[in-house]
Amino acid sequence: MLDVRDVHVHLAERLVLAGVQFQIEAGEFVGLIGPNGAGKTTLLKTILGLVTPDLGQVLVDNRPIRRGNPAIGYVPQKVHLDPDTPLRGRDFVALGLDGVRWGVPLPRRSRRERVERALGSVQALTYADAPVGRLSGGELQRLQIAQALVGEPRLLLVDEPLSNLDIRNAHEVVRLLHELARSRGMAILLVAHDLNPLLSALDKVVYLARGRSMAGRTDEVMTSESLSRLYGYPVEVMRTRGRIVVVGGPDMHLVPPEAADHAGLGEWEATTP
Amino acid sequence: MMYLDAFVHSPFWHSPQVWHALFITTSAGVVSAVVGVFIVLRGQSFAGHILTDVGATGASASFLFSINSWYGFLSFGLLAGAGMEALGKRTRGRDTATGLVLSFFMGLGALFLFLDTRVSNTADVTMSVLFGSVFTADPNTTPWLIGTSAATLLVVAAIYRPLLICSIDAEWAQARGIPVRWVGLLFMLAFVVAAEDSALAMGALLSTAFLMGPAAAGVRIAHRIGAAIGISALLAVMAAWLGVGLAYASYNWPPAGRGYPCSFLIADILFMEYLGAGMAARWRAHIRRLGGKRCT
Amino acid sequence: MHMMGVLDTLHLWLLPSGLLTTLYMWHAYVCGTIVALTATLVGYFVVLRGVAFMAHSLPKIGFAGVAGATVLQVPPLVGLLTFNLLGGLVMSTLSRRGRRDVVTALTLVLALGAGELFLTLGQAYGETAYALLFGQIVGISGPQVGQTLAVGLVTTGLWMILYRPLLFVTVARDQALARGVRERLLDNLFAILVGLVCVMTVPVVGALLGFSLLIGPVATASLVTRRGVHTLLLAGALGLAAIWLALLLAYDSGWPVGFFATTIIVLEYKVVYIGRWVKTRRALAI
Ligand SMILES: Nc1ncnc2c1ncn2[C@@H]1O[C@H](COP(=O)(O)OP(=O)(O)OP(=O)(O)O)[C@@H](O)[C@H]1O
Ligand SMILES: [Mg+2]
């Protein structure tokens with residue numbers, strides 16, 4: 001389905017991706033994990049054709065990618081909407097269906113039903129008629145997922161959907177996406193800082209650090225040897241009570257444990273070596 | 001040598017109008033250039049434009065009551081500035097509501113100008129309010145204008161550092177214990193004086209050139225604020241002198257020998273300076289990239 | 001008897017003699033209607049995209065165009081089209097490099113300076129400048145009505161074509177880009193759209209006040225409704241009411257139409273704003 005081959009990307013004289021390589025099959029639920037600035041968003045943009053790789057290539061269905069491929073759905077990391085945007089949630093979702101096409105949309109039954117179904121699949125029907133600018137971060141997140149789903153993509157790229165959500169809602173969204181992957185045979189690539197809320201659902205992990213990647217089953221990737229090789233210095237992966245904790249990774253000294261807990265960050269970033 | 005001689009002894013220097021024009025444009029230019037850097041940083045050029053539009057309403061009213069137009073500019077400008085400050089948020093290009101409420105003043109200005117033409121039976125008022133007339137300005141205003149400009153520069157110098165912090169991140173400034181409200185108020189005062197001084201020199205419609213042009217060029221070239229302010233002031237003075245000189249010379253120019261408007265000349269020079277600054281910045285980045293490549 | 005007097009006065013005031021029999025008033029009403037409706041359509045995106053400053057600047061740029069046309073003795077429409085479309089394109093092109101508000105301001109003063117030069121060269125001081133800046137209703141000719149109608153139709157057509165992708169790229173830029181929306185093309189076409197509206201507003205309400213017609217009704221409408229269609233309908237109605245009443249008052253008083261149009265639009269906004277404020281107050285009190 002998706003084949004990323006040895007991708008190198010420069011952004012403003014900096015090598016952000018230096019040989020990223022992995023594959024995703026239809027129906028797989030894959031986590032893209034890595035510290036801040038590892039290049040996760042850049043990788044998604046490369047898959048979408050918004051960033052051209054300097055070296056290597058990306059294939060979707062064995063064909064080189066092109067911008068605007070309707071088979072790929074995208075939920076970006078940050079959205080900004082003015083509080084008084086004159087648009088209902090429903091209209092926002094409908095843009096994902098045919099927002100690219102020229103002309104004024106005609107109100108058609110089939111169109112309305114598809115939007116309704118997408119809204120239903122993310123349980124957003126209760127606020128479908130509210131103005132989008134007034135929704136909470138989590139509510140807007142669901143609408144964004146619905147907007148991506150309504151185009152019926154076969155590959156869904158989701159950038160950090162969990163950072164806006166409380167623990168219960170995070171689990172809820174993960175369950176939802178997991179179910180979508182199962183029921184529709186849709187491949188999902190989900191970006192996250194913290195692996196733990198995803199552990200039970202993931203089929204596969206792509207770990208990104210220092211511009212390079214390590215891909216495979218969770219228990220293959222999340223070991224001390226493979227991550228140490230990736231980082232280029234020794235880190236330790238520990239498993240305690242069903243959680244995975246990486247000790248010795250970057251940006252660890254920045255966050256004291258209690259502040260990290262307070263901010264809802266995973267233990268993984270909080271633990272001091 | 002001969003040209004220099006002709007230049008020094010040109011009647012240009014012996015005309016009191018020319019000297020007034022030079023004083024007015026230079027002082028308005030310098031104060032606008034300095035304040036303008038902060039306006040660019042704060043993204044407030046729409047607010048600046050609004051201030052002078054409202055000032056124009058005041059100027060039109062002042063003609064109606066035969067008062068010096070500078071008082072009209074300044075009083076209405078202060079009113080508009082106070083209004084924007086009271087709304088409590090920065091007026092940016094996005095800001096529809098503020099723009100709308102203040103466009104009411106433009107409507108009022110239309111009415112005043114209309115009544116002006118009725119009263120005076122000439123339409124020159126429209127031209128002088130909207131496009132300025134440095135050569136025929138009332139000489140009594142010149143000292144006032146220079147005085148307020150100097151005072152404004154002093155105010156900006158006094159609040160320079162807190163203002164900088166407030167302009168970059170107001171919340172952070174508040175957390176650091178800077179009286180954000182006061183700094184904002186003082187800056188608004190400086191902003192109004194700069195905008196209205198340059199409105200008097202350039203006319204209400206073209207004053208934005210002085211307010212934005214040199215500052216935008218300065219910010220593009222320099223990476224440090226101090227340098228940006230210096231370059232900006234220098235560019236403003238250059239444009240002012242060159243503009244007045246050309247306007248003086250243009251009485252012999254084709255097609256009509258009626259003289260080219262001074263504010264038009266200054267505005268165009270400023271625009272060229274801005275484009276030149278952009279090119280300089282790009283050129284330097286290019287050089288730097290080449291240099292960087294060679295090192296690695 | 002007394003009643004009759006009041007009615008007569010009212011009649012005289014609402015339907016002053018000559019209002020419906022004067023040809024230029026008919027022209028003004030037709031043009032005003034077209035202008036108000038198209039301004040609403042485009043204003044919707046102006047408010048949504050937050051480009052009030054651009055909408056404020058383009059009509060003023062159109063003024064320079066007319067002044068230039070007078071000097072070169074070509075039809076004003078040519079000057080308006082050239083300056084507005086060029087101005088819009090320059091703004092949208094340059095603002096990809098520099099800061100948008102700075103670029104808008106500088107493009108504006110460049111065009112205004114040219115306008116001033118044209119006025120000086122053409123010796124078209126005073127009256128002409130005044131009419132261009134603040135609008136006049138006496139001078140609208142039959143062919144001008146035809147021109148306004150034609151430009152209005154083109155604008156509406158372009159608006160309808162752009163509607164969906166423009167909305168998409170405005171409210172969800174990243175998704176739209178990922179789906180293949182061409183942002184640069186849309187930016188330029190949108191600038192042309194605003195330019196076209198200004199081509200229509202400048203001759204009727206004047207360069208300085210076309211801005212309020214563009215954003216006022218939409219800003220007012222979006223205070224009360226958050227649905228695109230409702231916003232458009234309400235804004236259209238508000239804009240029409242404002243321009244019709246302004247034309248009537250201008251005819252009655254001989255004062256500039258732009259003054260009345262702006263005042264009415266701002267009043268509409270204020271009334272709705274205060275009304276909404278009172279309503280939320282009540283709701284809180286209960
Ligand atoms: N347009 C750009 N120009 C230059 N550098 C960029 C650009 N966009 C991103 N970068 C740099 O590329 C690196 C990777 O950025 P990216 O946004 O992909 O990180 P990320 O993994 O998504 O981080 P986060 O977890 O914070 O979202 C960062 O160091 C960033 O500074
Ligand atoms: Mg990211």
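Q: A salt bridge here is a side-chain nitrogen of Lys or Arg within 4 Å of a carboxyl oxygen of Asp or Glu. Which residues are linked in a network of salt bridges?

A: This is a predicted model. The network links R88(A), R90(A), D91(A), E116(A) and D129(A).

Q: How far apart are the closest N and O atoms of R88(A) and D129(A)?

A: They are 3.4 Å apart, and the two residues form a salt bridge. The pair links distant parts of the chain, 41 residues apart. R88(A) sits in the loop between β6 and α2 of chain A. D129(A) sits in the loop between α3 (109-121) and α4 of chain A.

Q: Is R88(A) buried or exposed?

A: R88(A) counts as buried, because its relative accessibility is 13%; the cut-off for buried is under 20%. Its partner D129(A) is partly exposed, with a relative accessible area of 45%.

Q: How many salt bridges does the structure hold over all chains?

A: There are 17 over all chains. Another one in chain A joins the side chains of R217(A) and D219(A), at 3.5 Å from N to O. R217(A) is partly exposed at 47% relative accessible area. D219(A) is partly exposed too, at 45%.

Q: What does R49(C) form a salt bridge with?

A: With D187(C); the closest N and O atoms are 2.7 Å apart. R49(C) is in helix α2 of chain C and D187(C) is in helix α9 (residues 183-205), so the salt bridge ties together parts 138 residues apart in sequence. Both R49(C) and D187(C) are buried.

Q: On to the interfaces. How many residues does the contact take from chain A and from chain C?

A: Chain A gives 31 residues and chain C gives 28. About 2800 Å² is buried between these two chains, and carbon and sulfur atoms give 61% of that area.

Q: Which three residues supply more than any other three of the area that chain A buries against chain C?

A: P86(A), V100(A) and W102(A). Together they supply 23% of the area that chain A buries there.

Q: Which side chains meet in a salt bridge between chain A and chain C?

A: R164(C) and D98(A), at 2.7 Å from N to O. The count for this interface is 1 salt bridge. There are also 10 residue pairs in polar contact across it, with both residues at pLDDT 80 or more.

Q: Which elements give two or more residues to the side of chain A that touches chain C?

A: They are β6 (72-75), α2 (89-98) and α4 (137-149) of chain A. The largest share comes from α2(A), with 5 residues. By class, that side of chain A divides into 16 nonpolar, 8 polar and 7 charged residues.

Q: Now the other contact. How many residues of chain C are in contact with chain B?

A: 56 residues of chain C touch 54 residues of chain B. The area buried between them is about 4700 Å². Carbon and sulfur atoms give 76% of it.

Q: Which residue does K60(C) form a salt bridge with?

A: D53(B), with the closest N and O atoms 3.0 Å apart. The count between chain C and chain B is 1 salt bridge. The number of residue pairs in polar contact is 6, both residues being at pLDDT 80 or more.

Q: Which helices of chain C each supply at least two residues of the side that touches chain B?

A: α2 (23-49), α3 (52-72), α5 (100-121), α6 (127-134), α10 (210-224) and α12 (257-285) of chain C. Among these, α5(C) gives the most, with 17 residues. By class, this side of chain C has 35 nonpolar, 13 polar and 8 charged residues.

Q: And chain B by itself? How many helices and strands?

A: Chain B has 13 helices and 0 strands. Of its 296 residues, 55% count as buried. Among its contacts with a separation of 6 or more, 76% come from residues 24 or more positions apart. Chain B exposes about 13100 Å², with 69% supplied by carbon and sulfur atoms.

Q: Back to chain A. Why is helix α1 largely enclosed by the rest of the structure?

A: Because 7 of the 9 residues of α1(A), residues 40-48, are buried. The buried ones are K40(A), T42(A), L43(A), L44(A), T46(A), I47(A) and L48(A).

Q: What follows α1(A)?

A: G49(A). Its phi is positive, near 85 degrees.

Terms used:
Residues are numbered from 1 along each chain as its sequence is written. Chains are lettered from A and ligands numbered from 1 in the order in which they are written. This is a predicted model: local features need pLDDT of at least 70, side-chain atom pairs count only at pLDDT 80 or more; totals for chains, interfaces and linings use all residues. Side-chain values use heavy atoms; hydrogens and water are left out. Contact means heavy atoms within 4.5 Å. Buried area is the accessible area (1.4 Å probe) that two parts lose on being put together, summed over both. A polar contact is a pair of N or O atoms within 3.5 Å; within protein, one must be able to donate a hydrogen and the other to accept it, and residues adjacent in sequence count only if both atoms are side-chain atoms. Helices (H or I, at least four residues) and strands (E, at least two) are DSSP runs, numbered from the N terminus. Ala, Val, Leu, Ile, Met, Phe, Trp, Tyr, Cys and Pro count as nonpolar, Asp, Glu, Lys and Arg as charged, and the others, Gly among them, as polar. Buried means under 20% relative accessible area, exposed over 50%, partly exposed in between (1.4 Å probe, protein chains only). Accessible areas come from the Shrake-Rupley method with a 1.4 Å probe; for residues, only the protein chains shown count as cover.
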